[in-house]
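Here is a walk through one structure, helix by helix and contact by contact. Keep the 3D view open as you read.

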Amino acid sequence: MTTRRALGLATLGSALSACSSLAPSSDPMRPPHHRDGGFQNNDPGFEPKRLTDVLRWRLDAMRQGLPPRPSSPIPTTAADLGFIQANAGPAQKPAVTWIGHATVLAQLGGLSLLTDPIFSERASPLSFIGPKREQAPGVALPDLPHIDLVLVSHNHYDHLDLPSCRALAAQRGGSPLFIVPLGLGAWFQAEGMARVVELDWWQSQIVQGVEVMLLPAHHWSARGLTDRMQTLWGGFAVFAPNCQLFYAGDTGYSRDFVRIRERLAERQQPHQGGGFDIALIPIGAYAPRWFMKDQHVNVEEALRIHTDLGAKRSLGVHWGTFELTDEALDEPPRELERLRPLAGLTAEQFGTLPVGGTWKLAPR
């Protein structure tokens, strides 16, 4: 195992220690995903992998020389900083810019927000070891507009990056509001970031007239070997007058996405503008399936999520930045091109951006 990947696998490896699923809650009034000692998925529950499973994965990967290096460079483009900066003003148009991995700058409803910001060189608790970026962030931290809001889906190191969050909290003009799942508020406050709100699934926070709702996802949480499932995870819906955005976070495939569409149907009728204008859906870090299926979707499942949600347009994220699993970094967009027509979708309906690229969206 290379040092480049060791700590990334150790982060996933928090799920590997011998441990059974959390017991159902002893309080019948608590939601089913609340368990004694932590949280759990809706269906089915997350089962930690055994040490023999991770050894099998790693030995198989080493024998097969996985992951292969990309067959072509990950697409990048110079960010349109003039537009991005100007779009933070009163004449803002809905837009999303892919910064890399699961980090997206979304500008909607008069806000500039980031999903799971990671600008660090490594997705790791240490600066000298762990999965290393393959290319620089599409927009550097100093080039961002003032960030009003940060959405953190869960506490894995490639989604909750302490140096990036600290830098954003220290931005000129004041800290953004960090919206996080249950249990993470105390962590942020302990790290000196006081502007934080934590939510349970289906709970909302209003930010300058924009509603942010935490949604179920099929995943798990841990930053070490002793805190597994003790903080919640999830995706987000953002309801602005001119745009509705969905961000899946990290997730395996489940019926959660059908439930989300059903639960939100009353506010996404055709006369109200329909479903999500933009959905940010992971398409990478999925191989091998026997190991990753219950925590990361593959491309076929990402396409199903798009359909389950009834989204108008989806952007594939969570690929091409950190080498975390067995597929090549450039495989997910190739799989998307191959499978998209079979799902009856076009590149306009579900596509990818180069790192640094922007989609300008039609206002709702």
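Start at Arg 63, which counts as exposed because its relative accessibility is 64%, and the cut-off for exposed is over 50%. Bear in mind that the model is predicted.

Arg 63 has a charged partner. Its side chain meets that of Asp 60 in a salt bridge, with N to O at 2.6 Å. Both residues lie in helix H2, 3 residues apart, which is about one turn of the helix. Asp 60 is partly exposed, at 23% relative accessibility.

Now take in helix H2 as a whole. The helix runs over residues 51–64. H2 has 14 residues and reaches 20 Å from its first C-alpha to its last. That is close to the 20 Å expected at 1.5 Å a residue. Just after H2, Gly 65 takes a positive phi of about 70°.

Which residues of H2 are buried? They are Asp 53, Val 54, Trp 57, Arg 58 and Ala 61. These buried residues cover an arc of only 125° around the axis, so they sit on the same side of H2. The face turned away from that buried side carries the exposed residues Leu 51, Thr 52 and Arg 63.

H2 also contributes to a nonpolar patch on the surface. Leu 51, Leu 55, Leu 59 and Met 62 make this patch, of about 390 Å². Look at Leu 55, which lies in H2. Leu 55 is partly exposed, with a relative accessible area of 46%. That value passes the patch cut-off of over 30%.

Move on to the other charged pairs. The salt bridge count comes to 19. One of the pairs is Arg 30 with Asp 36, whose closest N and O atoms are 2.7 Å apart. Arg 30 is partly exposed, at 31% relative accessible area. Asp 36 is partly exposed too, at 32% relative accessibility.

Asp 330 and Arg 334 form another salt bridge, with the closest N and O atoms 2.8 Å apart. Is Asp 330 buried or exposed? Asp 330 counts as buried, because its relative accessibility is 5% and the cut-off for buried is under 20%. Its partner Arg 334 is partly exposed, at 41%. Elsewhere, salt bridges that share partners join Asp 43, Asp 256 and Arg 259 into one network.

Helix H4, residues 162–169, is next. Its residues Leu 162, Ser 164, Cys 165 and Leu 168 are buried. Seen down the axis, the buried residues of H4 fall within an arc of 165°, so they line one face of the helix. What covers them? The cover includes strand E5 (111–115), strand E6 (149–151), strand E7 (177–181) and helix H5 (185–190).

Finish in a loop. Asn 242 is placed between strand E11 (235–240) and strand E12 (243–247). Although Asn 242 is in a loop, it counts as buried, at 17% relative accessibility. Which residues are in contact with Asn 242, leaving aside its neighbours within four places in sequence? They are Gln 92, Pro 94, Leu 108, Gly 109, Ala 362, Pro 363 and Arg 364.

Conventions:
Residues numbered from 1 in each chain as written. Predicted model: local features only at pLDDT ≥ 70, side-chain atom pairs only at ≥ 80, totals over all residues. Heavy atoms only, no water. Patch = residues over 30% accessible without salt bridge, like charges linked within 9 Å, V, L, I, M, F, W, Y side chains within 5 Å. Areas by Shrake-Rupley, 256 points an atom, 1.4 Å probe, with all protein chains shown as cover. Salt bridge = Lys/Arg side-chain N within 4 Å of Asp/Glu carboxyl O. Helix = DSSP H or I, 4+ residues; strand = E, 2+ residues; numbered from the N terminus. Buried < 20%, exposed > 50% of the residue type's maximum accessible area, 1.4 Å probe, protein only. Expected span 1.5 Å × (residues − 1). Arc of directions from axis to C-beta. Contact = heavy atoms within 4.5 Å.
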